[in-house]
Amino acid sequence: MAVKWTGGHSSPILCLNASQEGLVASGAEGGDLMAWGKDGTPLGHTRFQGANDVTSVLFSPSCPTKLYASHGETISILDVRSLKDSLDHFHVNEEEINCLSLNETENLLASADDSGAIKILDLENKKVSRSLKRHSNICSSVAFRPQRPQSLVSCGLDMQVMLWNLQKARPLWITNLQEDETEEMESPQSSGQLLNPALAHSVSVASCGNIFSCGAEDGKVRIFRVMGVKCEQELGFKGHALGVSQVCFLPESYLLLTGGNDGKIMLWDVSSEVEKKQKSPTKHTHRKKTKRATYTKQGGNTNASVTDEEHGKILPKLSIEHGEKVNWLLSTKIKGYQNILVADQTSCVSVYPLNEF
């Protein structure tokens, strides 16, 4: 079912990104960076000095040949047509960078690192405009909100999810995924949760800018809504048998791709839940119900989608047995058709068609 793009890397691929023109970039262990054509033809390759893993790659939406790449504590800006020479580079993080995000006006670049810090780089003035330090452990993922160039969300291995506005140095809102679950559960915490704490791995914001998702080590996918200066959890469901390593909203939709350490890739449609809530404001008691119902019973079947009292079962629209732990995934159009691109523990990119959507 999957088409494999090979011949580029010799080590596991850690990150992917696609330009609006259909070019794809991939970063791998050991400092390897590749550019691919729409049909999977390798277009260019470089290896960064120092051989630090390439952990995040990002195309510029306005200039589709411009590419941002993080390797170690450094951010390089490159032209995909000539990867050997970087256009610019910045060393603003003190520890290894895990994720890059560009705001919609493309004047700010956020880089989240192992110290828990998020550095905001002003690309016009070429200097750090803000240093956001609130995560007490590795900050694994950061994402600017579409249509709101001064606002972003982040998550980390401290089990915290945060909403930031760059006018302020501290987060507007914080939630601890583990505490939120245990506070509202009727039964004592099960051993399963102690074994799989809710370390947060990935955030993705839908195109509307107000709905975002978070994937965590406890196998759960949580959907939040931004309500001014705070957020509310709209939905929580068991997505994977092991940790959810990646979440990614498809453009202009509430279709959500998730990838897990269980080697599965799933596509979920959360539009009915999200739109239902927009019509009727969420009552606090209902939110509690939803959260309370999402825990995994001790010894229960962790593969099953969780039934919750208010919504019935949330079932994936698509489930792919990929077979390898997912390091990164995204959806992009190739020759007019939507596809899922996957990076895993191997050195090739897997491509799955999404024809039915």
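This is a short talk on the aromatic pairs and nonpolar cores of one structure. Keep in mind that the model is predicted.

Let's start with the rings. The structure holds 4 aromatic pairs. Take F212 and F224. Their rings are stacked, 5.1 Å centre to centre, with 20° between the planes. This pair links distant parts of the chain. F212 sits in strand β19, and F224 sits in strand β20, 12 residues apart. Both F212 and F224 are buried.

Next pair: F237 and W268. These rings are tilted. The centres are 4.6 Å apart, and the planes differ by 50°. Again, distant parts of the chain are linked: F237 is in strand β21, W268 in strand β24, 31 residues apart.

Is F237 buried or exposed? F237 has 1% relative accessibility, so F237 counts as buried. W268 also counts as buried, because its relative accessibility is 1%.

One more ring to add. W173 joins F212 and F224 in one aromatic cluster.

Now the cores. How many residues does the largest nonpolar core have? It has 28. Among those with the most contacts inside this core are W5, L16, L33 and L341. Several strands give two or more residues to the core, including β2, β3 and β4 from residues 13-18, 24-28 and 32-36. β28, β29 and β30 are also among them.

Look at L341 on your screen. Leaving out residues up to four places away in sequence, L341 touches W5, L16, V24 and W328, among others.

Finally, there is a second, separate core of 18 residues. F224, from our stacked pair, is one of its residues. A198, A216 and C231 are included too.

Notes: Residues numbered from 1 in each chain as written. Predicted model: local features only at pLDDT ≥ 70, side-chain atom pairs only at ≥ 80, totals over all residues. Heavy atoms only, no water. Phe/Tyr/Trp six-rings, centres within 6.5 Å; stacked < 30°, edge-to-face > 60°. Helix = DSSP H or I, 4+ residues; strand = E, 2+ residues; numbered from the N terminus. Buried < 20%, exposed > 50% of the residue type's maximum accessible area, 1.4 Å probe, protein only. Core = buried A, V, L, I, M, F, W, Y, C linked by side-chain atoms within 4.5 Å. Contact = heavy atoms within 4.5 Å.
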